[in-house]
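Here's a quick tour for anyone opening this structure for the first time. Have the 3D view ready and follow along.

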Amino acid sequence: LVDKSLDTNNRTILTSMKNSITLPVVLAHGMGDSCFNYGMMNITEFISSTLNGTYATCVPTGDDRTSDTLNGFVLNMDANVDVFAEKIQNDPALRNGFNAVGFSQGNNVIRGYIARYNNPPVDAFLSIDGVNAGTAALPDCAPSNNMIMGRICKSLMSTLSTVAYRRFVQKHLFQANYWRDPTKINSRDYKKNSQLARWGNEGDYTDSSLNENFAKTNKFVWILAEEDSMIWPREGEQWGEPNPANPFDSVIAMNETRWYVDDLFGLRKADESGKFFFESHSGDHLQFSREELENW
């Protein structure tokens, strides 16, 4: 991974927010969670109190706990972003921009908002264990050196990839939208139908507005779980990806990927402008402490 830790004078995004004219904070929850659950309400309150009472809100994509949770499965990624954007634009407290904190696949919602809208703009984006570069394995089933489990997981990946990029599946399943099989990224169906491919300008056409919108955000903090078993490869949380030349044996860092080298949607420009910071936490997916959150 790119070695670029936060320096002492700009170490934490929450502290830097606190020490400036603080914008509101928007949170986006992960798969199976809801803004209406106690955990998300509690962490929203914690961030607000850490920032001296700054307005903080978790933005749901459903109007109650059940619909908000289900929409994280059966409402596709683009549709989730559209609902999220509408709620953002209808909140007067957010009209001058905001900072954003995402958890797991909630980062896809924020990233999609930045890519497709970013009006009002996200000033700073804290991505915690985000499926930013997609995933190509079921939880706890990453390709490995274990001969038996490795073969089983690769077989499951192949089976899921035969259906994930069909138009009907992309229209109806959030998780299929960020499924990124490294052996299929040059396939016709991936380029034509994958929502992740479109957001990354990997698809059949190039959308320059993706670069323009990405450039409107001034700071990105990418957090990686060092023992993440939910996302493969975990390095994708900081924009690494499986090595296209040998995807099951090695992973390349962000600055070696095509997204970065060809600056497909603004990744390289943002990094070269000093907007990127990288941190990690020990343990598995989303297993971080309040202290760690405050120190980011």
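Let's start with a proline: P120 sits in the loop between α5 and β4. The peptide bond that leads into P120 from N119 is cis, with omega near 0°. Keep in mind that this is a predicted model. From here we'll go through the backbone oddities, the sheet, a helix pair, and then the empty spaces.

**Backbone oddities**

- As general background, most residues other than glycine have a negative phi, and most peptide bonds are trans.
- Besides the bond between N119 and P120, a cis peptide bond joins W232 and P233, and its omega is about -5°.
- To find P233, look in the loop between β5 and β6, where β6 covers residues 241–242.
- D129 isn't a glycine, yet its phi is positive, at about 55°.
- You'll spot D129 in the loop that runs between β4 and α6.

**The sheet**

- Strands of a sheet pair through backbone hydrogen bonds, either parallel or antiparallel.
- In what order do the 6 strands of the open sheet come? Reading across, it goes β2-β1-β3-β4-β5-β8, and the pairing is parallel.
- The edges belong to β2 (56–58) and β8 (276–281), each of which pairs on one side only.
- On average, and ignoring direction, neighbouring strands of this sheet are turned by 15° against each other.
- Zoom in on β1 (residues 25–28) and β3 (residues 98–103): these two run parallel and are joined by 4 bridges.
- If you want one pair to click on, V25 has N99 of β3 as its bridge partner.
- Helix α5 lies across β1, β3, β4 (122–128) and β5 (219–225). Against β4, α5 runs at about 155°.

**How α4 and α5 pack**

- Two packed helices are described by the angle between their axes and the distance between the axes.
- For α4 and α5, that angle is about 75° and the axes are 9 Å apart.
- Angles from 65 to 115 degrees count as roughly perpendicular, so α4 is roughly perpendicular to α5.
- On the α4 side, the contact is made by M77, D78, N80, V81, D82, F84, A85 and I88. On the α5 side, N108, V109, I110, G112, Y113 and R116 take part.
- Sorted by class, this contact of α4 with α5 has 8 nonpolar, 3 polar and 3 charged residues.

**Cavities**

- Rolling a probe the size of a water molecule over the atoms shows where empty space is left.
- How many cavities of 30 Å³ or more turn up in the whole structure? The search finds 4.
- The largest cavity holds about 110 Å³ of space.
- Its lining has 13 residues, and H29, T61, N80, G106 and V109 are the ones nearest its centre. Two of these names may ring a bell: N80 and V109 also take part in the contact between α4 and α5.
- At least two lining residues of the largest cavity come from each of α3 (65–74), α4 (77–89) and α5 (106–116).
- By class, the lining of the largest cavity splits into 6 nonpolar, 6 polar and 1 charged.
- The second largest cavity has a volume of about 50 Å³.
- Lining the second largest cavity are A133, G134, T135, A136, R180, P182, W232, P233, G240, E241 and P242. That list includes W232 and P233, the two residues joined by a cis peptide bond.
- The classes in the lining of the second largest cavity are 6 nonpolar, 3 polar and 2 charged.

**Pockets**

- The largest pocket has a volume of about 560 Å³.
- Of the 28 residues lining the largest pocket, M31, Q105, Q175, Y178 and M230 are closest to its centre.
- Helices α2 (38–50), α6 (147–164) and α8 (174–177) each give at least two residues to the lining of the largest pocket.
- That lining divides into 20 nonpolar, 7 polar and 1 charged.
- The second largest pocket comes in at about 190 Å³.
- Which residues lie nearest the centre of the second largest pocket? Out of 18 lining residues, they are A142, P143, W232, P233 and R234.
- For the second largest pocket, the lining has 11 nonpolar, 2 polar and 5 charged residues.

Technical notes: Residues numbered from 1 in each chain as written. Predicted model: local features only at pLDDT ≥ 70, side-chain atom pairs only at ≥ 80, totals over all residues. Heavy atoms only, no water. 1 Å grid on protein atoms, 1.4 Å probe; cavity = no way out; pocket = protein on both sides within 12 Å on 5 of 7 lines; lining within 4 Å. Points joined across faces, edges and corners; volume = space filled by probe spheres on them. Nonpolar A, V, L, I, M, F, W, Y, C, P; charged D, E, K, R; others polar. Axes fitted to C-alpha atoms, helices over the stretch in contact; angles between N-to-C directions. Parallel < 35°, antiparallel > 145°, perpendicular 65-115°, else oblique. Contact = heavy atoms within 4.5 Å. Pairing = 2+ DSSP bridges.
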